[in-house]
Amino acid sequence: MPQHEFDPPERFIAASVGPPGQRTFFLQVSGGGRRMSVSLEKEQVRILGERLADLLDQVAGFEGAPEAATGLTDNAPMDTPIEDDFRVQSLSLAWEPTRRRVVIEAHEADLPEEDDATLSPEELALIGSIRVVLTPAMARAFAQRCALAIEGGRPNCPFCGQPLDPGGHICPRANGYRR
């Protein structure tokens, strides 16, 4: 499987492109003269950021504290051109205790279990994959960027909590009336 490794990356961010309600979310990583952008769902960005923060709270100590990420905050927009190399189907998150590093992997397809032979070696070789290795401070800054990337969407309905379109929405809590 072609795995693109960035250990460590020069830049790793989560961002979105487009107006609220029609945004496309991306992870963009660059380093060593290479840059990759992969698209994914808003929920994947949210969960990745939350799980990463939880992992850092559990294992990284002061190295992964929010204060450690202060100088590493990257609020700049994505580098252009913005074209996704693949659509993320699965993400993995791990802690390397010997190196004290966080490893994030994004895969184009769900990878089969070792004893599952559903994909041929040729099909497996075509699946795109990115592996990013981060220091705890870089990982915390990335988790904070994930939280910023999912903000700025449509406001939520005060009654049901679903996103409001510019013209309102049919609210289930208001018996189907438009809000």
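How many aromatic pairs does a search of the whole structure find? The search finds 1, with rings of Phe, Tyr and Trp (its six-membered ring) pairing if their centres lie within 6.5 Å.

## Basis of the model

This is a predicted model, in which local features need pLDDT of at least 70 and side-chain atom pairs count only at pLDDT 80 or more, while totals for chains, interfaces and linings use all residues. Residues are numbered from 1 along each chain as its sequence is written, and side-chain values use heavy atoms, with hydrogens and water left out.

## Overall architecture

The protein has 3 helices and 8 strands, taken as DSSP runs (H or I of at least four residues for helices, E of at least two for strands) and numbered from the N terminus. Along the sequence the pattern is β-β-β-β-α-β-β-β-α-β-α.

Of the 179 residues, 38% are buried (under 20% relative accessible area, against over 50% for exposed and in between for partly exposed; 1.4 Å probe, protein chains only). Among contacts (heavy atoms within 4.5 Å) between residues at least 6 apart in sequence, 60% join residues at least 24 apart.

## The aromatic pair

The ring centres of F12 and F142 are 4.2 Å apart and the planes lie at 10 degrees, so the pair is stacked (planes under 30 degrees apart; over 60 is edge-to-face and the rest tilted). F12 belongs to strand β2 and F142 to helix α3, so that the pair links parts of the chain 130 residues apart. Both F12 and F142 are buried.

## The nonpolar core

The largest nonpolar core (buried Ala, Val, Leu, Ile, Met, Phe, Trp, Tyr and Cys residues joined through side-chain atoms within 4.5 Å) holds 29 residues, of which F12, L27, L52, V102, I104, I130 and F142 touch the most other members. Two or more residues come from each of β2 (11–17), β3 (24–31), β4 (34–40), α1 (42–59), β7 (101–107), β8 (129–134) and α3 (136–150).

Beyond its neighbours within four places in sequence, I104 contacts F12, L48, L52, S92, L93, I130, R131, V132, L134 and F142.

## The cavity

The structure holds 1 cavity of 30 Å³ or more, with about 60 Å³ of space. A cavity is a set of points on a 1 Å grid over the protein atoms alone where a 1.4 Å probe fits but cannot get out, and lining residues have an atom within 4 Å of a point. Grid points are joined across faces, edges and corners, and the volume is the space filled by probe spheres set on the points.

The lining consists of F12, L27, Q28, V29, M36, V38, I104, E105, A106, I130 and V132. Strands β3, β4, β7 and β8 each give two or more of these residues. By class, the lining has 9 nonpolar, 1 polar and 1 charged residue (nonpolar: Ala, Val, Leu, Ile, Met, Phe, Trp, Tyr, Cys and Pro; charged: Asp, Glu, Lys and Arg; polar: the others, Gly among them).

Technical notes: 1 Å grid on protein atoms, 1.4 Å probe; cavity = no way out; pocket = protein on both sides within 12 Å on 5 of 7 lines; lining within 4 Å.
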